[in-house]
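Here is a short briefing for a first look at this structure. Start with how far to trust the model, then move on to the fold.

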Amino acid sequence: MVVLIPAYEPDTRLIDLVRRLPHHRVVVVDDGSGLAYKHVFEGVRRLGADVVTLGRNRGKGQALKTGFAHVEEKFPGEPVVCADSDGQHRAEDIDAVARRLSETNAAMVLGARRFTGPVPARSRLGNTVTRAAFRLVTGTSVSDTQTGLRGYPPSMLTWLGDVRGERFEYEQRLLLRAARERLPLEEVEIATIYLDENASSHFRPVRDSLRIYGQLAAFAVSSLLGFAVDFVALFLLTAFTGNIVLAAILARLLSATINYGVNRRYVFASTRRRSALRYAALAATVLGANVVLLDVLSAVTGSLLIAKLATELVLFSGSYLIQRRLVF
């Protein structure tokens with residue numbers, strides 16, 4: 001078993017943690033901490049840890065991927081447990097994740113905190129919001145989406161290196177992709193530890209939150225753009241043709257073409273070759289639902305505007321979930 005610890009400007013708690021892991025190989029990635037922290041990394045090296053040094057701060061995601069590549073090269077076939085360097089993960093919790101990893105066929109084993117006791121408000125709120133958003137997006141329930149204590153079998157290491165992301169958003173992307181590919185996930189309950197109100201965390205609330213929630217927000221913006229195109233085209237084509245069904249079909253074809261391009265390139269960054277066919281099938285289904293709902297609701301409400309708004313609200317969530325899990 002290899003314990004992988006990404007570290008940026010760590011204190012002596014990193015040395016204490018490594019000292020408590022005598023039965024595991026330990027790889028520490030120095031994420032460009034600089035000369036002021038050289039004594040800490042020398043300390044863990046004297047304890048037998050491999051230290052991989054990045055020339056500049058690249059972010060937690062890049063540090064993890066560097067560590068995965070190092071493990072694949074130096075310790076091929078070894079499972080990996082990732083832990084944080086700031087004292088929030090106890091050695092016994094690392095061992096618990098390692099044991100579960102050896103007993104299961106799961107693609108990921110997550111050390112899940114219960115968030116009981118004195119937990120900083122931003123951490124409690126952040127996990128609650130992220131957990132709810134993750135379930136909305138993927139349909140998968142994970143009790144602690146922000147945990148840094150995670151175990152991976154050796155078969156996952158190449159997969160882990162292929163996932164995009166360099167900073168805190170990387171771990172969220174791992175969960176999103178695992179859920180999309182329906183990989184089995186398991187959780188092990190661990191202690192909830194926050195030292196000094198989590199003062200040692202390098203998480204930047206605004207910038208890193210934007211990275212984490214960026215994909216959901218990007219999809220919303222993409223959908224609003226598609227809605228705007230569809231909305232304007234519907235009214236123009238209805239006025240021109242006098243046929244609401246024909247206008248709805250033409251407007252949806254135009255907006256769907258634009259929406260596909262934006263989602264594929266900017267939202268999901270997909271390289272799936274068959275995504276166009278999957279999207280076309282989804283678009284045809286949505287188009288049929290759109291035409292039926294629009295025709296029925298406009299007749300019931302007597303207003304094309306109200307019918308259009310209601311139809312788009314109904315179709316938005318379903319379209320996102322299907323694109324996230326099946327198309328891209």
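This is a predicted model. The chain has a mean pLDDT of 80, and 74% of its residues reach 70 or more. Residues 197-204 are a weak spot in confidence, with pLDDT below 50. That stretch still has 21 contacts in the model beyond near neighbours in sequence. Where pLDDT is low, the predicted coordinates should not be read in detail.

**The chain as a whole**
- The chain holds 11 helices and 7 strands.
- Of its 328 residues, 48% are buried.
- Among contacts with a separation of 6 or more, 73% join residues 24 or more positions apart.
- The accessible surface is about 15900 Å², and carbon and sulfur atoms account for 58% of it.

**Strands β2 and β3**
- Strand β2 covers residues 25-30, and strand β3 covers residues 50-53.
- The two strands run parallel and are joined by 4 bridges.
- D30 has T53 in β3 as its bridge partner.
- Between β2 and β3 the chain passes through helix α2, residues 38-46. This β-α-β crossover is right-handed.

**Helix α7**
- Helix α7 spans residues 169-180.
- Its 12 residues, at 1.5 Å a residue, should span 16 Å, because the expected span counts one less than the number of residues. The end C-alpha atoms are 16 Å apart, which agrees.
- The helix is mostly covered, with 10 of its 12 residues buried.
- Among the buried residues are E169, Y170, L174, L175, L176 and R180.
- Just after α7, R182 takes a positive phi of about 55 degrees.

Notes:
Residues are numbered from 1 along each chain as its sequence is written. This is a predicted model: local features need pLDDT of at least 70, side-chain atom pairs count only at pLDDT 80 or more; totals for chains, interfaces and linings use all residues. Side-chain values use heavy atoms; hydrogens and water are left out. Two strands pair if DSSP finds at least two bridges between them. A crossover is right-handed if, with the strands pointing away from the viewer, the path from the first strand over the helix to the second runs clockwise. pLDDT is the predictor's confidence in each residue, from 0 to 100. Contact means heavy atoms within 4.5 Å. Buried means under 20% relative accessible area, exposed over 50%, partly exposed in between (1.4 Å probe, protein chains only). Accessible areas come from the Shrake-Rupley method with a 1.4 Å probe; for residues, only the protein chains shown count as cover.
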